[in-house]
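Load the model, pick a cartoon view with a surface you can toggle, and keep the selection box handy. We will go from the whole chain to one strand and then to a pocket.

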Amino acid sequence: DEENPAPAPGKPLNLTATWRDPKYALCIQPYTWRQLLQGYKDGTLTFRTGGIGGLLEEDGYEAWLCLKDHFCATDHTNPFFCFAYHEAKQEFS
């Protein structure tokens, strides 16, 4: 929607600006993939996800997820905050 732009498929809006930056260390993504999918189905969560492209680490970070209205999304023009997903550790950062 025009009022709340979402990351285009395959292009997280703020991952490279925030990922691994110590000032965002307390920004956690609290949901499991199962919870994310359930939230998507019942309309309680809005997110975008995709492959991490040039930042890919084989058996490491391979995907990104941008969650709408996350408490760390402080840019009033972008309600999404993005995380990288580590496949081997099965965790977001």
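Start with the surface switched on: the chain exposes about 6,200 Å², of which carbon and sulfur atoms supply 51%. Accessible areas here come from the Shrake-Rupley method with a 1.4 Å probe, and for residues only the protein chains shown count as cover. This is a predicted model, so local features need pLDDT of at least 70 and side-chain atom pairs count only at pLDDT 80 or more, while totals for chains, interfaces and linings use all residues. Residues are numbered from 1 along each chain as its sequence is written, and side-chain values use heavy atoms, with hydrogens and water left out.

Now colour by burial. Of the 93 residues, 34% count as buried (under 20% relative accessible area; exposed is over 50%, partly exposed in between, with a 1.4 Å probe and protein chains only).

Switch to cartoon. You should find 2 helices and 4 strands, in the order α-α-β-β-β-β along the sequence. Helices (H or I, at least four residues) and strands (E, at least two) are DSSP runs numbered from the N terminus.

Next, select strand 3, residues 80-86. Because 7 of its 7 residues are buried, strand 3 is largely enclosed by the rest of the structure. In a regular strand the side chains alternate between the two faces of the sheet. Show the side chains here: Phe80, Cys82, Ala84 and His86 lie on one side, Phe81, Phe83 and Tyr85 on the other, and all are buried.

Add the neighbours of strand 3. Strand 2 (residues 61-68) runs antiparallel to strand 3, joined by 7 bridges; two strands pair if DSSP finds at least two bridges between them. Look for Lys68 opposite Phe80. Strand 4 (residues 91-92) also pairs with strand 3 in the antiparallel sense, over 2 bridges, and there His86 stands opposite Glu91. Strands 3 and 4 form a hairpin with 4 residues between them, and Gln90 in the turn has a positive phi of about 55 degrees.

Last stop: the largest pocket, with a volume of about 210 Å³. Which residues are closest to its centre? Select Arg20, Tyr24, Ala25, Cys27 and Ser93, out of 15 that line the pocket. A pocket is an open set of points on a 1 Å grid over the protein atoms alone, where a 1.4 Å probe fits, with protein on both sides within 12 Å along at least five of seven lines; lining residues have an atom within 4 Å of a point. The volume is the space filled by probe spheres set on the points. Strand 3 gives the most to this lining, with 3 residues.
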